[in-house]
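Reader: I would like a close look at a single part of this model, taken slowly and with its surroundings kept in view. Please start from whatever term the reasoning needs, and then build outward.

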Amino acid sequence: MGTLLSIASGKGGVGKSVIASNLALQFSRQGQKVVLVDLDIGGANLHILFGNLSPSPTLSDFLERHTDSLDAVVHTISWAKGLGYIPGTGNTLGGGNLLHSKKLRLLRHLKNLDADIVILDCAPGTNYHTLDFFLAADVQITVATPDPTSVIEVYRFIKLAAIRKLMTHLSVRLHGEVRHSLVNQEFSNIQEVLDACSPTHEVQKTEALAILGTFDPYFILNRANARHKFSTSSLQQVLLKFLGTELVVLGEIPHDDVVTHSIRNYLPVIDWAPDSPASIALTQTFYALQQRLLMPNPDRPSPAEAIQHTTNS
Ligand SMILES: Nc1ncnc2c1ncn2[C@@H]1O[C@H](COP(=O)(O)OP(=O)(O)OP(=O)(O)O)[C@@H](O)[C@H]1O
Ligand SMILES: [Mg+2]
């Protein structure tokens, strides 16, 4: 069972697939077996980055049970040893329509893929499936550009992911009336969820806070430029203040036209132009990620430890 990484953004077109493919290539260059998975089921395009314009088989062959093995829909890349990808599909299986049972089956198989690292390239948007795939990973990475719309969308995405994480946890732990009223409400912020945990269920409230404390997604700013007014620290402050979420910045990738050239040549930019500013920043981001994978925050309790702690105290 490999390490699952998810990459999401809320807004589309911000560079998730570019970042996912370059990180994947870096992992494979270090001798790791890597599988990239295009989870944008309705609007897949990851395969194009590898020059495969009409891939077969695709993820839908697995979802529609044409094969029982997810490994069977992995495409290898002749020039990159250890790197493979699962193409999504542009056909009728819109992400929002994915049946719950199909999602669970896919998640189970993703965790058992024959790989050291599995990178989930999530669909844009904030539907429950995207949030669930994002949260199912061991390591979660969010991406935005400095555009205000992209920053607002990534904030919204992280907020909804935190609420989804909390609700998923509470719906398993709670029973009866409290559970019923919680799972049937729409929440727009974390405080609302905490307030809804009845005062007679202080344990759940404390437990909920502990769960939130374990949600520390990573962040990559893409297409940064010297003129942008956006400061990553202001996003970090807002998230800490309103969600209690610590957003760890992995890197800033500059806007670099060479990225577009590399896509036109069907190669990740770190291969196409290794000395370009974007490639240097992507490589630094990779090292920052690798460092975090080797040494996760030692002060941060695992979810199980957090629950143990709150129920014992
Ligand atoms: N650092 C960069 N500098 C310049 N252009 C970039 C950079 N990163 C991405 N791009 C451009 O942005 C486009 C979109 O990138 P990409 O396909 O990775 O986005 P995405 O978030 O995966 O989109 P979608 O949500 O549609 O899957 C690329 O085709 C490329 O032209
Ligand atoms: Mg993409």
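Author: A residue is called buried here if 20 or more other C-beta atoms lie within 10 Å of its own, and exposed if 12 or fewer do. In this predicted model, T58 has 24 other C-beta atoms within 10 Å and is therefore buried, although T58 is found in the loop between α2 (46–49) and α3 (59–63). Leaving aside residues up to four places away in sequence, T58 touches V73, P87, G88 and T89. I41 offers a further point of reference, since T58 and I41 are 17 residues apart in sequence and 9.8 Å apart in space, C-alpha to C-alpha.

The part that deserves the closest look is strand β5, which spans residues 117–121 and is mostly covered, with 5 of its 5 residues buried. From β5, I117, I119 and D121 point one way, whereas V118 and L120 point the other way, and all of them are buried. In a regular strand the side chains alternate between the two faces of the sheet.

Two strands are paired with β5. Strand β1 (residues 3–8) runs parallel to β5 and is joined to it by 5 bridges, and within this pairing T3 has I117 as its bridge partner. Strand β2 (residues 34–38) also pairs with β5 in the parallel sense, again over 5 bridges, and here V37 stands opposite L120.

The contacts of V118 can be read alongside these pairings: not counting residues up to four places away in sequence, V118 touches G2, L4, V35, V37, L110 and L113. V118 also belongs to the largest nonpolar core, a set of 82 residues in which I7, V118, I119 and L120 touch the most other members. Helix α6 (residues 148–173) supplies the largest share of this core, 10 residues. In soluble globular proteins, nonpolar side chains tend to be buried together.

For the wider setting, ligand 1 is surrounded by 19 residues, of which the closest are G12, G15, K16, S17 and V18. The elements that give two or more residues to this shell are α1 (16–29), β7 (218–224) and α11 (257–264). By class, the shell around ligand 1 divides into 7 nonpolar, 8 polar and 4 charged residues.

Terms used. Residues are numbered from 1 along each chain as its sequence is written. Chains are lettered from A and ligands numbered from 1 in the order in which they are written. This is a predicted model: local features need pLDDT of at least 70, side-chain atom pairs count only at pLDDT 80 or more; totals for chains, interfaces and linings use all residues. A nonpolar core is a set of buried Ala, Val, Leu, Ile, Met, Phe, Trp, Tyr and Cys residues joined through C-beta atoms within 7 Å. Helices (H or I, at least four residues) and strands (E, at least two) are DSSP runs, numbered from the N terminus. Two residues are in contact if their C-beta atoms, placed from the backbone, lie within 7 Å. A residue is near a molecule or strand if its C-beta atom, placed from the backbone, lies within 6 Å of it. Ala, Val, Leu, Ile, Met, Phe, Trp, Tyr, Cys and Pro count as nonpolar, Asp, Glu, Lys and Arg as charged, and the others, Gly among them, as polar. Two strands pair if DSSP finds at least two bridges between them.
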